[in-house]
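Visitor: Can we go over the charged pairs in this one? I have the sequence and the model open.

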Amino acid sequence: MSLGQELAPHLPFLRRYARALTGSQAHGDAFVRATLEAIVAKPDEFPRDVDPRLGLYKIFHAIWSTANIEEGEEPSSSPTGAEGIAQARLSRITPLSRQALLLASLEGFSSDDAGYLIGASPSDVDSLVAEALEEIERQTLADVLIIEDEPII
C-alpha cells in the first residue's frame with residue numbers, strides 16, 4: 001500500500017484537528033496542505049516506525065510549531081453560536097495545553113501518543129489536559145444573583 005493510501009483515511013480528522021487548533025478553517029487547511037506538501041517533497045523523512053496516523057500528525061506538529069502565525073491573529077470569519085463560544089474559549093488556552101486537550105479529547109489519542117506528538121511525557125500530557133480543562137472551567141464560572149420580586153418567596 002502506498003503512503004498516500006495509508007494517509008488518506010486520516011486526512012479528514014487532521015483537517016478537523018487543524019481547524020480546531022488554529023481557530024480558522026483557512027489556517028487549518030493551509031497547515032494540512034503544508035503538511036502534505038512536506039510529505040510529498042521528502043517522503044523518506046516520514047516516520048515509518050509508528051502508525052501512519054501518528055506520523056501524519058507528527059509532521060503536522062513539526063510544521064505548526066515552527067509557523068507561529070496564529071498568535072495575535074483573529075480568524076477572518078468568526079463562527080457564531082456554540083461553535084464561536086467553544087473556539088473563543090479554546091483560543092484563551094496556551095497552545096501546548098490546547099494541543100494536548102484536542103489530541104486527547106477530540107482526536108482520541110492516548111497520553112503516550114499525544115506525548116510523542118507534542119514532545120512531552122505522558123504525565124505532562126495529563127497535566128496539560130487538566131490545566132486546559134481547569135482554564136475552560138474558570139471561563140464558564142459565573143456569579144449569579146437572583147432577585148425575586150414576590151414577597152412570599
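Guide: What follows is a short talk about salt bridges and where they sit. This is a predicted model, where local features need pLDDT of at least 70, side-chain atom pairs count only at pLDDT 80 or more, and totals for chains, interfaces and linings use all residues. Residues are numbered from 1 along each chain as its sequence is written, and side-chain values use heavy atoms, with hydrogens and water left out.

Visitor: How many salt bridges are there?
Guide: The count is 6, taking a salt bridge as a side-chain nitrogen of Lys or Arg within 4 Å of a carboxyl oxygen of Asp or Glu.

Visitor: What does Arg15 pair with?
Guide: Asp29, with the closest N and O atoms 3.0 Å apart. Arg15 is in helix H2 (residues 11–22) and Asp29 in helix H3 (residues 25–41), 14 residues apart. Helices are DSSP runs of H or I, at least four residues, numbered from the N terminus.

Visitor: Is Asp29 buried or exposed?
Guide: Buried, at 17% relative accessible area; buried means under 20%, exposed over 50%, partly exposed in between, with a 1.4 Å probe and protein chains only. Arg15 is partly exposed at 34%.

Visitor: Which residues are in a network with Arg15?
Guide: Salt bridges link Arg15, Arg19 and Asp29 in a network.

Visitor: Different spot. Which residue does Glu107 bridge to?
Guide: Arg53, at 3.6 Å between the closest N and O atoms. Glu107 lies in the loop between helix H6 (95–106) and helix H7 (111–118), and Arg53 in helix H4 (residues 52–67), so the pair ties together parts 54 residues apart in sequence. Both Glu107 and Arg53 are buried.

Key:
Helices (H or I, at least four residues) and strands (E, at least two) are DSSP runs, numbered from the N terminus.
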